Amino acid sequence: MVEYVWPSKEDSSVLGKSIDKIDGVPKCTGTAKYSYDINPDKVAIARALGCPHAHAKLKSLDLSKAEKVPGVVAVSAMKKVGDEIQWQGDLIAVVVGDTEGAVAEGLDAIVAEYEQLDVFVEDANLEAAEAAGRTAKAGGKVQLEKEPDGDDPDFEEKELARLFKESAAVVEGRYGIAAITHMCLEPHGSTCEWKDGKLTAHLSTQNVSGTAGQFAAPLKVTADDVTVHCDYIGGGFGSKFAVDRWDSLAAQLSKDLGRPVRLMLDRDLELKNGGARPSGYAESKVGADKDGVIKVWDTHFLSAGGFGGAPVNQSVIPYVIVPPNYRRRGTNVKINTAPVRAWRAPNHPQGCAMTQTAIDDIAAKLGLDSYDVFERNLVNVEDKDRRGVYAEEMKIAAKLIDWKAKWHPHGKGDKKGSVVSGLGMALHTWGGGGHPSTCMVKIHPDGGVETFIGSQDLGTGTRTVIAIVLAETFGLPVEAIKVNIGSSKYPASGPSGGSTTVGGVSESSRHAGLDALVQLNEKVASKLGVPAESLVAKGGRIHAKDDAEKGLSWKEACSLLGMSPLEVTSKGAPGRNSKLSSSGVGGVQMAEVEVDRETGQVKMKKFVTVQDMGLVVNHKTAVSQIYGAMVMGVAYALFEERLMDPRTGAFLNSEIADYRLPRLGDIGEFVVEIYEPESERARGVIGLGEPPVIGPGAAISNAVANALGVRVPVLPLTPKRVLDSLQLAARNA
Amino acid sequence: MKAFEYASPRTEREVLELLSADRGHTEILAGGTDLIGLMKKMIVKPDRVVSLNRVDSLKTIDANSTAVHVGAMVTLEDLADNPICEFYPAIRQAIGEMASQQLRAQGTVGGELCQRPRCWFFRDKRGLLAERGRAVEEGDNRFHAIFGNRGLAKFSAPSRLAPALIALDARVRILGPNPGDETLMPLEVFYRTPKSEREREHTLEPNQFVSQVILPHPEGRVSASYEVRHGMGPEYPLVAAAASVLVTGGIVREARIALGQVAPTPWISREAIDAIVGLPINYETAEAAGQAAVSVASPLSHNEYKVQLAKVAVKRALLKAAGLETGGLS
């Protein structure tokens, strides 16, 4: 009976060490082929035409002039006359041609007429949304410690009023976080090759194993006739799980034209169609005792999911710190934008930014150290087991940023001319349990090892993780494992979403590896005349546990397989009973900023993340993941937002030149510490991709509030928002 | 982009022969950092693109005792690296602020001055004066003009070099329409606020081009540029200012102060100039000059913050020119 466990830290030779990505060199030298790079012979280029209006009815569509442009081989409508268009940039038609130039001229030759309809994009404006009839009630919840006396219909209001009255400090404020786009460096799209009744789709996807069927149905074939292939993806962040309508069209066009068709969205249409993270705006009232421990919370929030998309889920308000009494109510605002898509840690960054800012305002109101207030509020962390972990992580983070020495009460720090500095923090949580995954391991008689999983590398370093797990299992160097991912023809694995990939592929790879080793060990055991259970695979050899001399080299051992390779396919068994993986992580982030009160510019000085993630498979890629999340966090905290023109609904900054993102000079110093005591390591592998992107908004906003003594209520904290807030505060003072 | 004819002349005369008198028929290609994007989005759709890349006479920097002549096709990087910029710190600083090495290496002096506005309504193909100004007036105008915006044009002049050059009293040499035609004009006169969609944001006829920038000898003047940027990236600054001052006996005798990103043209602030001339430059006088600069501001519905930024930019440009601490983030 094989016991599916990890070796101890001391016994591990590669597991948990810092290993370079095995595909790092191809990625940074440009030899890695991303979906956009696939360039088959005679490929036709397809581009889409976006609707110029945010809300309109298509009155007429004339493709005839486009069809006549030299070099254009096909023009296909994606909307029909009479259709209602709900956002600027929704796809109207596609032109296919021999060259980019011909396609561009073709697109320019399409004549479309529209009847413009009423537009609404003001996701932060409840009054205007109500006036425009653009609201819908969102879910909510009330939790009160006290039981109602009888059936007083006003109990809820009266009880909340009583709790606020008893509070030593009450903060009332508005806290918001603007919508952002995914801004995948590689836009959405595919190159589709139809040949002999079968489709090969080179799709930029986070879901290699789950998309073949989506291609098949509209083509009237079955999924076995489709191969989805994606070796490298240039960013997805939750927006590339499905075959989009433009991908299906590319496949159909390839079938119709009998040649490969590449249809990637251009940047403008990518930002307008490829996904966005919903905004959130909370009106909150928070009551705390004199120590800052929160006793009561009441929030009404707004969120907009775009046309047909899901707004922020109410469950994240309040976030991590959940007092015994709270009420959350919400309104969804219906705006003319494309439906939102999952964005790295869906709901959590918004929940954190909308609520942990209010906690910091409680500290400011009581004149307390924010650290102390967060620490005292750990009693309000729902999962009791995690309270101690947060406390430890806070201590480590505080030391790394030198919190005690640098702290000053809100707005009371030293000034260097117009420049003030501040500290802020936030806590986050995430699941990260492994997804179902199947791994096939093949051990060749000459000692070669290859492995096949229908997974993908969203940026986690999936290949390297698989190689490490099998290298550890077989006692081989990492480079001895040939990893194959990125094809729907490989054993199925889950989509990369929810930080589930590393847990998933670690489970299946360890299972398959150990299952294979059992079979190999039996052959070695009979050759050596020792019991198979006494054998270990270590240092390139299989030998008796207590007598390293008694053994065979890996190669010699594999030669016992005879003529055929040993193939073992195994599923992991993630879940409650697994000793290899589990779920539920947390972390602490602390930011130090400088703010120029005259210009509203915010500069990151130092940013610390302390993160638990169970057992670390690869220290280097784990730290890299956290760095990436922190950069993305700085981006939405200080720079990026989707800007919609309130009057016309136009997406104003849909080009890279106008969509602001931080550069290396903007991110300051990053410090990352992975919290991995034996108690955490014993929990097994847990995904990490999402958690560290959750807290930066609140942590940085709190640092800016600490510097200025004024809350800048809405992220990102642009110079405009900072100056507007300072001006408002001066006017109110 | 639309298919087009590509012309690559070798001489200034050939350039003029290739340019059409009809607006929109030909476009001039310098570094291409702006034009290519405009063509890809079909905001401009020329039938012929005339490249200046092989006209060697446009690539020189010549200095004599009274002036420096900078060819329009000198790259921004080459200009900033040239020793003559020791005398014109405002230029070196303005180019230094352009965070993208690619833009500096590929972009040219002439192209930088003639780039089209970043106004998002213009870039969304709704024209320079989008809906006769209504698109900006009633829409999101956070990056638009705070001065000179009472007409139909409300975009911000995008050039990052122009404020420095105007502060330094530069002139431009314009060739055409006919071979031998040559006009010299102060750079601030080169720019104009368009009154209709038929006009561009400068006075060039379609069959003219900028061949040279002429910088007068500084004669003891000190200068500086100051940009307020949102981050370290290649995005355009929110507001910029440049100042060139002649200080003798601790007193400002002459000053030229120009702002960028604040009006449909680079904006010379007479108010700031009047406020500083006759006084020494110190924190209080620079602050007062900044305040004077914005006394005539007319912010739109979403860009009041730019008034504050313009005030600070003028103040800090003056302090920097005088060699004093500007304050702000390091």
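D298(A) is a buried residue, since its relative accessible area is 13%, under the 20% cut-off. In this predicted model, D298(A) sits in strand β16 of chain A, which runs over residues 294-304. Its C-alpha atom is 5.2 Å from that of K285(A), although the two are 13 residues apart along the chain. K285(A) turns up again below, along with ring pairs, a helix and a couple of cavities.

**Charges over rings**

- K285(A) has its charged end over the ring of F164(A), at 4.6 Å from the ring centre.
- R463(A) does the equivalent with Y232(A): its charged end sits over that ring, 4.6 Å from the centre.

**Aromatic pairs**

- Over all chains, the structure holds 11 aromatic pairs.
- One of them joins Y34(A) and Y232(A); the ring centres are 5.6 Å apart and the planes meet at 40 degrees, so this pair counts as tilted.
- Where do Y34(A) and Y232(A) lie? Y34(A) is in the chain A loop between α1 (24-29) and β1 (44-50), while Y232(A) is in the chain A loop between β12 (226-229) and α7 (245-257), so the pair ties together parts that are 198 residues apart in sequence.
- Are the two tyrosines buried or exposed? Y34(A) is partly exposed because its relative accessibility is 24%, which falls between the 20% and 50% cut-offs. Y232(A), with a relative accessible area of 11%, is buried because that value is under 20%.
- F474(A) and W554(A) make another tilted pair, with 5.1 Å from centre to centre and 35 degrees between the planes.
- F474(A) belongs to helix α13 (residues 462-474) and W554(A) to helix α15 (residues 554-559), both of chain A, so here the pair ties together parts 80 residues apart in sequence.
- F474(A) and W554(A) are both buried.
- Y371(A), W403(A) and W407(A) form a cluster, linked by ring pairs.

**Helix α9 of chain A**

- How does the span of α9(A) compare with what its residue count predicts? The helix has 19 residues (348-366), and at 1.5 Å a residue it should span 27 Å; its end C-alpha atoms are 27 Å apart, so the two agree.
- Most of α9(A) is covered, with 16 of its 19 residues buried.
- Right after the helix comes G367(A), which takes a positive phi of about 65 degrees.

**Cavities**

- The structure holds 7 cavities of 30 Å³ or more.
- The largest cavity has a volume of about 290 Å³.
- Its lining is made up of 17 residues, and those nearest the centre are D658(A), R660(A), R118(B), F143(B) and Y236(B).
- By type, the lining of the largest cavity splits into 8 nonpolar, 4 polar and 5 charged residues.
- The second largest cavity has a volume of about 150 Å³.
- It is lined by 15 residues, with E641(A), R660(A), T718(A), F143(B) and H230(B) closest to its centre.
- Its lining divides into 6 nonpolar, 3 polar and 6 charged residues.
- R660(A) and F143(B) are named among the residues nearest the centre of the largest cavity, and both are also named for the second largest.

Note on methods. Residues are numbered from 1 along each chain as its sequence is written. Chains are lettered from A and ligands numbered from 1 in the order in which they are written. This is a predicted model: local features need pLDDT of at least 70, side-chain atom pairs count only at pLDDT 80 or more; totals for chains, interfaces and linings use all residues. Side-chain values use heavy atoms; hydrogens and water are left out. On a 1 Å grid over the protein atoms alone, a cavity is a set of points where a 1.4 Å probe fits but cannot get out, and a pocket is an open set with protein on both sides within 12 Å along at least five of seven lines; lining residues have an atom within 4 Å of a point. Grid points are joined across faces, edges and corners, and a volume is the space filled by probe spheres set on the points. Ala, Val, Leu, Ile, Met, Phe, Trp, Tyr, Cys and Pro count as nonpolar, Asp, Glu, Lys and Arg as charged, and the others, Gly among them, as polar. Helices (H or I, at least four residues) and strands (E, at least two) are DSSP runs, numbered from the N terminus. The expected span of a helix is 1.5 Å times one less than its number of residues. Buried means under 20% relative accessible area, exposed over 50%, partly exposed in between (1.4 Å probe, protein chains only). Rings of Phe, Tyr and Trp (its six-membered ring) pair if their centres lie within 6.5 Å; planes under 30 degrees apart count as stacked, over 60 as edge-to-face and the rest as tilted. A charge sits over a ring if NZ of Lys or CZ of Arg is within 6 Å of the ring centre and within 35 degrees of the ring normal.
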